[in-house]
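Let's take a walk through this protein together, one piece at a time. Have a look at the structure first, then read on.

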Amino acid sequence: MELVSQYSQEEKEYFMRQALLEAEKAQLLNEVPIGAVVVLDGEIIGRGYNVREFSQDATTHAEMIAIRNANRKTESWRLEEASLFVTLEPCPMCAGAIINSRVKDVYYGARDIKAGACESLYHLLEDNRLNHRCFVESGILEKECAMLLIGFFKKIREEKKRMKKKASFSE
């Protein structure tokens with residue numbers, strides 16, 4: 001069975017912009033700005049953004065929250081005809097949730113060279129040894145997604161530098 005995209009480029013960019021809006025919500029909470037939306041029949045049925053620091057719960061990644069919301073909306077754990085749009089390549093935990101919820105296809109913006117489980121480190125979503133596989137497409141609004149993360153981490157580094165300098169002056 002060959003898996004192919006069901007969306008036009010315009011549709012993919014629209015849904016990724018919706019995921020970027022979710023990522024901006026995370027950034028307002030000083031969370032790593034990652035956002036996700038689950039789409040079914042052209043409608044967003046689940047939204048999520050990273051709240052790991054706020055919740056102190058390691059499972060509260062954007063994808064996990066969006067999938068949970070979609071499960072509630074559909075009243076089913078199966079999302080067999082749904083698509084996930086996420087600003088950063090899913091990690092192994094999120095890839096596991098994607099597989100277990102039977103998401104049909106995954107579109108992401110920026111690659112995650114340290115934890116990516118779709119292409120960067122692993123290819124979990126397309127692994128023939130598993131009972132479910134997804135169509136995966138990367139690079140949707142990649143620059144916008146990456147720049148949001150780069151800006152966030154740059155701000156954190158600058159803040160740490162400023163605090164370190166301030167501490168050295170007060171000694």
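**A helix and what covers it**

Start with helix α4: among the elements that cover its buried residues are α3 (62-74), β3 (83-88) and β4 (105-110). Keep in mind that you're looking at a predicted model. So which residues of α4 are the buried ones? The helix runs over residues 92-100, and the ones tucked away are C94, A95, A97, I98 and I99. Once you've followed α4 to its end, look for R102, which comes after the helix and has a positive phi, near 65°.

Now hop over to α3, where you'll find E63. UniProt, in an unreviewed entry, gives this position the feature "active site", and that label may be inferred rather than shown by experiment. Is E63 buried or exposed? E63 counts as buried because its relative accessibility is 4%, and the cut-off for buried is under 20%. Who does E63 touch, if you skip its neighbours within four places in sequence? Its contacts are A36, L84, V86, L88, P90, C91 and C94. You've met C94 already: it's one of the buried residues of α4.

Last stop: helix α5, which spans residues 142-169 and holds E159. Here's a glutamate in another setting: E159 is partly exposed, because its relative accessible area is 34%, and partly exposed covers the range between 20% and 50%. The side chain of E159 also has a partner, as a polar contact of 2.2 Å joins it to the side chain of R162. In an α-helix there are 3.6 residues a turn, so residues three or four places apart point the same way.

Key. Residues are numbered from 1 along each chain as its sequence is written. This is a predicted model: local features need pLDDT of at least 70, side-chain atom pairs count only at pLDDT 80 or more; totals for chains, interfaces and linings use all residues. Side-chain values use heavy atoms; hydrogens and water are left out. Buried means under 20% relative accessible area, exposed over 50%, partly exposed in between (1.4 Å probe, protein chains only). Helices (H or I, at least four residues) and strands (E, at least two) are DSSP runs, numbered from the N terminus. Contact means heavy atoms within 4.5 Å. A polar contact is a pair of N or O atoms within 3.5 Å; within protein, one must be able to donate a hydrogen and the other to accept it, and residues adjacent in sequence count only if both atoms are side-chain atoms.
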